[in-house]
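This report describes the fold and selected backbone features of a single protein chain. The sequence and the three-dimensional structure are shown first.

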Amino acid sequence: MKKINNNSANLQLGVQVSSDWRREKAIELDVYNQGMAKTELCDTWEEIGSCPYGEHCQFAHGITELRPVIRHPRYKTQACRMVLAGQICPYGHRCHFRHSLTE
Ligand SMILES: [Zn+2]
Ligand SMILES: [Zn+2]
């Protein structure tokens, strides 16, 4: 009796996990497609009040240009694969994964 109950519970859990997984994949795609443009303030613009790239700059010139970033639901809950592999992660502090336990 007990065994059957466990099995049906596992089955329900399995369905839930796979739909979560699909939703997560969709969000992952959103996160990927949004790019990183204008999600951070421009260093040059902040420093000297203007920027040679003008409106083509990848960074925001002021708070009003700053775009909200879609965070992955697992944002920094998992360790970065690059760092785990002993490599330098190209995303640096913008990486969606953890680079250290203190982050
Ligand atoms: Zn700029
Ligand atoms: Zn990383």
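## Loop residues and overall fold

In this predicted model, Lys 76 sits in the loop between H2 and helix H3 (81-84). Its phi is near 55°, a positive value in a residue other than glycine. A second lysine, Lys 38, lies in the loop between helix H1 (2-33) and helix H2 (43-48). Lys 38 also has a positive phi, of about 60°, although it is not a glycine.

The two residues are set out below.

| Residue | Loop | Phi | C-beta atoms within 10 Å |
|---|---|---|---|
| Lys 38 | between H1 (2-33) and H2 (43-48) | about 60° | 16 other C-beta atoms |
| Lys 76 | between H2 and H3 (81-84) | near 55° | 14 C-beta neighbours |

Are these lysines buried or exposed? Lys 38 is partly exposed because 16 other C-beta atoms lie within 10 Å, a count between the limits of 12 or fewer for exposed and 20 or more for buried. Lys 76 likewise counts as partly exposed, because it has 14 C-beta neighbours inside 10 Å.

The chain as a whole contains 3 helices and 0 strands, and its pattern along the sequence is α-α-α. Of its 103 residues, 1% count as buried. Among contacts between residues at least 6 apart in sequence, 33% join residues at least 24 apart.

An unreviewed UniProt entry carries the annotation "domain: C3H1-type" for residues 36-64 and 74-102. In the span 36-64, the end C-alpha atoms lie 16 Å apart, and the span is 21% helix and 0% strand.

Key
Residues numbered from 1 in each chain as written. Chains lettered and ligands numbered in written order. Predicted model: local features only at pLDDT ≥ 70, side-chain atom pairs only at ≥ 80, totals over all residues. UniProt positions renumbered as here; feature names shortened; annotations may be inferred. Helix = DSSP H or I, 4+ residues; strand = E, 2+ residues; numbered from the N terminus. Contact = placed C-beta atoms within 7 Å.
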